[in-house]
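Visitor: I have a model open and would like to learn how to read it. Could we go through some features in turn?

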Amino acid sequence: MTGPAPLVMPEAVVAILRRLEEAGHETWCVGGAIRDGLLGSPGSDVDLATAATPDVVRRLFPRTIPVGIEHGTVGVLDDDGVLHEVTTFRQDVRTDGRRAEVVFGVTLADDLARRDFTINAIAYHPLREEWADPFRGREDLARGVVRAVGDAAQRFREDRLRILRALRFAARFEFAIEPATWTAVVDQGRDTGHLSAERVRDEWWKGVATTQDLGVLARLWDASGVAATWLPLEPGSAAAEAAMLSSLTSRRDPVLALAAWRGPVEAHLKRLRCSGAEIARGRAIDRAVSRPLDASPAKVRQWLSAVGDAADDLMALAAWRGTIADGWPDVVAGVRSRGEATTRAQLAVTGDDLVRAGIVAPGPALGRLLERLLGDVLEQPELNDYDTLMRRAAALAPDDTTHA
């Protein structure tokens with residue numbers, strides 16, 4: 001079968017394919033690497049599909065890992081210890097929208113027929129420089145179209161994560177989703193709630209990492225019904241215009257993109273089962289004020305003290321929304337470069353210093369005194385000197401401790 005110019009496959013992949021073929025097992029290169037190579041952006045890991053069963057693959061190669069043995073996938077380690085996935089030709093016999101039960105002993109054509117989209121159902125044989133493309137995936141790549149293999153509605157019923165993958169591929173490659181495929185996306189987009197949160201989260205993370213214009217990705221999630229299912233807006237909140245997310249694309253930051261697009265973000269991060277650090281970051285974004293009243297150094301220091309670790313996120317959001325004060329980023333950079341204190345930890349004195357000097361006893365009064373010292377330093381950073389702050393503390397302590 002003829003095709004475009006030959007693709008250059010990694011030598012280690014070709015060696016694995018050759019070994020399988022010499023043992024009498026038909027083997028092809030498949031997957032995203034073939035798609036991306038045809039688009040002129042090679043670099044993805046190359047997967048292999050073979051007629052050999054998993055036990056045969058494990059016998060043929062000295063170092064293997066059963067990375068997905070129940071689905072026919074064996075990881076073969078090359079001489080450099082790099083893992084390459086080799087999967088037996090397979091066919092779905094039963095699915096429940098999340099996982100599939102497969103059988104082996106089928107043909108390459110059967111294997112390609114079970115794949116999600118035509119652009120992912122292309123196989124290449126580097127030894128023969130031959131293409132297998134029964135669903136015209138190369139044509140769809142040339143036309144810029146995401147089209148399901150076979151019946152789109154059936155493909156999505158088999159695994160509704162494919163809906164999110166359709167959105168990601170369309171946004172990443174700036175492709176259109178073929179009409180019948182889009183109809184099935186919309187019909188089933190709100191039926192994705194049974195997917196695992198981790199799989200949905202990974203799709204958002206991958207989408208942010210690979211999409212040129214995040215606004216396109218957000219609009220697709222909205223239009224498909226996936227966003228309403230997984231990222232519902234809280235009562236009284238308003239979604240930001242998805243098109244504006246393009247200004248955040250350079251950050252490649254899924255947490256920040258969610259905060260910009262869907263309003264209060266902590267609940268969404270919890271729903272997606274994100275890490276504790278990511279949830280804490282979202283909480284800080286939600287609770288912090290958006291920006292200081294003006295860009296004077298004292299106001300900026302007070303703002304930095306109030307928002308803590310959320311400062312950079314809030315500045316990015318303010319810039320995206322067009323509400324950033326003139327000169328504000330420059331003042332923030334200046335405060336940081338000069339090392340001016342914005343937290344109690346940056347004060348030239350510690351609570352232990354004040355206790356040891358007999359100025360105040362441990363307890364609430366100590367905390368109030370440190371806050372007052374920080375307030376002075378936020379106004380006048382030159383006061384952040386050990387002797388100056390100790391004298392100031394001694395002067396303030398009598399009034400403060402009366403409230404202990």
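Guide: We will go from the whole chain to helices, then to single side chains and a pocket. Keep in mind that this is a predicted model.

Visitor: How many helices and strands are there in the protein chain?

Guide: The protein chain has 20 helices and 11 strands. Of its 404 residues, 49% are buried. Contacts can also be sorted by distance along the sequence. Among those with a separation of 6 or more, 63% join residues 24 or more positions apart.

Visitor: How do I read a single helix? Which residues of helix 10 are buried?

Guide: Look at which residues are covered, what covers them, and how the ends are finished. Helix 10 spans residues 214-224, and its buried residues are Leu-214, Gly-215, Leu-217, Ala-218, Leu-220, Trp-221 and Ser-224. They pack against helix 7 (161-173), strand 11 (176-177), helix 8, helix 9 (197-210), helix 11 (226-230) and helix 12 (254-262).

Visitor: And what is found at the start of helix 10?

Guide: There, a side-chain oxygen of Asp-213 comes to within 2.9 Å of the backbone nitrogen of Gly-215. After helix 10 comes Gly-225, with a positive phi near 95°.

Visitor: Helix 12 is on that list of partners. How many of the residues of helix 12 are buried?

Guide: Helix 12 is mostly covered, with 9 of its 9 residues buried. Among them are Pro-254, Trp-261 and Arg-262. The cover includes helix 9, helix 10, helix 11, helix 13, helix 14 (276-287) and helix 16.

Visitor: Which residue caps the N-terminal end of helix 12?

Guide: Asp-253 does, with a side-chain oxygen 3.1 Å from the backbone nitrogen of Val-255. Helix 12 is followed by Gly-263, whose phi is positive, near 75°.

Visitor: Now two helices against each other. At what angle do helix 15 and helix 16 pack?

Guide: For a helix pair, read the angle, the axis distance and then the residues in between. Helix 15 (residues 297-307) and helix 16 (residues 311-321) pack at about 115°, and their axes are 9 Å apart. Helix 15 contributes Trp-303, Leu-304 and Val-307 to the contact, while helix 16 contributes Ala-311, Leu-314 and Met-315. By class, this contact has 6 nonpolar residues, no polar and no charged ones.

Visitor: Let us turn to single side chains. Is Gln-188 buried or exposed?

Guide: Take the accessible area, then look for polar partners. Gln-188 has a relative accessible area of 6%, so it counts as buried, the cut-off being under 20%. The residue sits in helix 8 (residues 179-188). The side chain of Gln-188 makes a polar contact with the side chain of Arg-160 at 3.0 Å. A polar atom of the Gln-188 side chain also lies 3.0 Å from the backbone oxygen of Ala-153. Not counting residues up to four places away in sequence, Gln-188 touches Ala-153, Phe-156, Arg-157, Arg-160 and Ile-163.

Visitor: What about a charged residue? Why does Glu-266 count as buried or exposed?

Guide: Glu-266 counts as buried because its relative accessible area is 15%, again under 20%. Glu-266 belongs to helix 13 (residues 266-271). Its side chain makes a polar contact with the side chain of Arg-283 at 2.9 Å. Beyond its neighbours within four places in sequence, Glu-266 is in contact with Ile-279, Gly-282, Arg-283 and Asp-286. Ala-280 lies 14 residues away in sequence from Glu-266, and the two C-alpha atoms are 7.7 Å apart.

Visitor: Where is His-84 found, and which side chain makes a polar contact with it?

Guide: His-84 is in strand 5 (residues 83-88) and is buried, at 10% relative accessibility. Its side chain makes a polar contact with the side chain of Asp-78 at 2.8 Å. Other residues that His-84 touches include Ala-12, Ile-16 and Val-76.

Visitor: Last, pockets. Which residues line the second largest pocket?

Guide: Rolling a probe the size of a water molecule over the atoms shows where empty space is left. The second largest pocket holds about 210 Å³ of space. Its lining includes Ala-12, Ile-16, Phe-61, Arg-63, Val-76 and Asp-78. Helix 1 (11-22) and strand 4 (73-77) each supply at least two lining residues, and helix 1 gives the most, with 3. By class, the lining has 7 nonpolar, no polar and 4 charged residues.

Notes: Residues numbered from 1 in each chain as written. Predicted model: local features only at pLDDT ≥ 70, side-chain atom pairs only at ≥ 80, totals over all residues. Heavy atoms only, no water. Axes fitted to C-alpha atoms, helices over the stretch in contact; angles between N-to-C directions. Helix = DSSP H or I, 4+ residues; strand = E, 2+ residues; numbered from the N terminus. Contact = heavy atoms within 4.5 Å. Nonpolar A, V, L, I, M, F, W, Y, C, P; charged D, E, K, R; others polar. Buried < 20%, exposed > 50% of the residue type's maximum accessible area, 1.4 Å probe, protein only. Polar contact = N/O pair within 3.5 Å; in protein donor to acceptor, adjacent residues only side chain to side chain. 1 Å grid on protein atoms, 1.4 Å probe; cavity = no way out; pocket = protein on both sides within 12 Å on 5 of 7 lines; lining within 4 Å. Points joined across faces, edges and corners; volume = space filled by probe spheres on them.
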